Amino acid sequence: MPTAFITGITGQDGSFLAEQLLDAGWSVVGLARRSASRSLWRLAGIRDRITMVDGDLLDMGSMIDPLREYQPDHVYNLGAQSFVATSWRQPLLTGDVTALGAARLLEAVRIACPEARVYQAGSSEMFGLAGDGVQSEATPFHPRSPYGVAKVYAHHLAINYRESHGMFVVGGILFNHESERRSPEFVTRKITMAVAAIKAGKQDKLRLGRVDVRRDWGFAGDYTRAMTAMLEQDQPKDFVIATGKSWSVDDFAKRAFDIAGLKMENHVEHDPALMRPAEIPNLCGDATKAHTELNWQPQLSFDELVTRMTVADLKRAGA
Ligand code: NAP
């Protein structure tokens, strides 16, 4: 049975990826850091089918040991300080976990299991101020946050390990992808949770920063399929994964309020404190290379995604 090793298994993508790999007959080992209130809610359905090991991207030894022991075929580096807003408040931590953490993981693989194929989770935030057009693998990076900068470092280092050490390392450049498992601080989930709480009579207002910024939003479960497809190519290459359409925060919120039968204008308030020090007005990806070479297509539309998230939160809120 082939084995996959996943950092960030407790996160949104880690949980979808682990489920898909188990369904495909893989054995899954997940690295999770110790905390007083370790939260494994996203893994509830598969907890007894995966092996969890204690470890941290800040501690290379904690990755070398399990990589030596389990000799995985595939390694997915999904672990990160992944919230852009926090990266301004904690730029050094973000660099340590998201940038140097990737370096520690790549070194650990090189030392413990150099034949393993490695996926590095890159982000559309690496493009940053990329202009009004669509972004592809050929678009230059201009990151606009400490998070984006850390991801650029990790992405280039992944390419460097491929070129310097001949390792099979791929960099996925994934545009925003969401689900009912998204952490509550991300704007999409913040909206769907607030809509559900308002519908349930537990909250009245939703405070948002800029609502005109546009993002290319897809479904997380579609995007984790692309990660595996990248590791199954003959040659390691990097890919943009996106839907090719961008929507504003306002579009997302309107749709979510509509689904709940609520009027958005009665509940949304603008909060300047939520503005970012440097914003990215528009991100929209061109995933032609993934369509052609990986035969990858997203399955869920924007409307289906907002519906799925809103309905799940309405149900959770008992609304
Ligand atoms: P997420 O839900 O925030 O999950 C992040 C994971 O990283 C969690 O499992 C977290 O563990 C773990 N982690 C944090 N610090 C760590 C450390 N020091 N050592 C080990 N693990 C640590 O993120 P996601 O949405 O699943 O995204 C997965 C990856 O794709 C991330 O690298 C993210 O930056 C990248 N990405 C995401 C998107 C997106 O739209 N979702 C787009 C592009 C790229 P805890 O449970 O202990 O906090």
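Which backbone contributes a polar atom 3.0 Å from an oxygen atom of the ligand? In this predicted model, the backbone is that of Gln-12.

**View 1. Backbone atoms of Gln-12, Asp-13 and Leu-57 meet the ligand.** A polar backbone atom of Gln-12 sits 3.0 Å from a ligand oxygen. Asp-13 also offers a polar backbone atom, 2.8 Å from an oxygen atom of the ligand. At Leu-57 the ligand partner is a nitrogen atom, and the distance to a polar backbone atom is 2.9 Å. The ligand taken alone exposes 900 Å². The protein buries 88% of that area.

**View 2. A shell of 23 residues surrounds the ligand.** The closest are Thr-10, Asp-13, Asp-56, Ser-82 and Tyr-147. By type, the shell holds eight nonpolar, 10 polar and five charged residues. Helix H1 (12-23), strand S5 (117-123) and helix H5 (146-165) each supply at least two of the shell residues. Strand S5 gives the most, with three.

**View 3. The largest nonpolar core has 33 residues.** Ile-6, Tyr-76, Tyr-119, Met-230 and Ile-241 touch the most other members. Several elements give two or more residues to this core. The strands are S1 (3-7), S2 (27-32), S5, S6 (169-174) and S11 (239-241). The helices are H1, H7 (220-231) and H9 (288-294). Helix H7 provides the largest share, six residues. Another core, of 26 residues, lies apart from this one. Its members include Ile-191, Leu-206, Leu-262 and Val-306. As a general rule, nonpolar side chains in soluble globular proteins tend to be buried together.

**View 4. Tyr-76 and its contacts.** Neighbours within four places in sequence are left aside here. Tyr-76 contacts Ala-4, Phe-5, Ile-6 and Thr-7. Leu-17 and Leu-21 also touch Tyr-76. Further contacts of Tyr-76 are Tyr-119, Met-227, Thr-228 and Leu-231. Tyr-76 is among the core residues that touch the most other members.

**View 5. Pro-184 in the loop between strand S7 (177-178) and helix H6 (187-199).** Is Pro-184 buried, partly exposed or exposed? Pro-184 counts as partly exposed because its relative accessibility is 42%, between the cut-offs of 20% and 50%. Not counting residues up to four places away in sequence, Pro-184 touches Arg-189, Lys-190 and Met-193. Ala-194 is 10 residues from Pro-184 in sequence. In space, the two C-alpha atoms are 9.7 Å apart.

Note on methods. Residues are numbered from 1 along each chain as its sequence is written. This is a predicted model: local features need pLDDT of at least 70, side-chain atom pairs count only at pLDDT 80 or more; totals for chains, interfaces and linings use all residues. Side-chain values use heavy atoms; hydrogens and water are left out. A residue is near a molecule or strand if one of its heavy atoms lies within 4 Å of it. A polar contact is a pair of N or O atoms within 3.5 Å; within protein, one must be able to donate a hydrogen and the other to accept it, and residues adjacent in sequence count only if both atoms are side-chain atoms. Accessible areas come from the Shrake-Rupley method with a 1.4 Å probe; for residues, only the protein chains shown count as cover. Helices (H or I, at least four residues) and strands (E, at least two) are DSSP runs, numbered from the N terminus. Ala, Val, Leu, Ile, Met, Phe, Trp, Tyr, Cys and Pro count as nonpolar, Asp, Glu, Lys and Arg as charged, and the others, Gly among them, as polar. A nonpolar core is a set of buried Ala, Val, Leu, Ile, Met, Phe, Trp, Tyr and Cys residues joined through side-chain atoms within 4.5 Å. Buried means under 20% relative accessible area, exposed over 50%, partly exposed in between (1.4 Å probe, protein chains only). Contact means heavy atoms within 4.5 Å.
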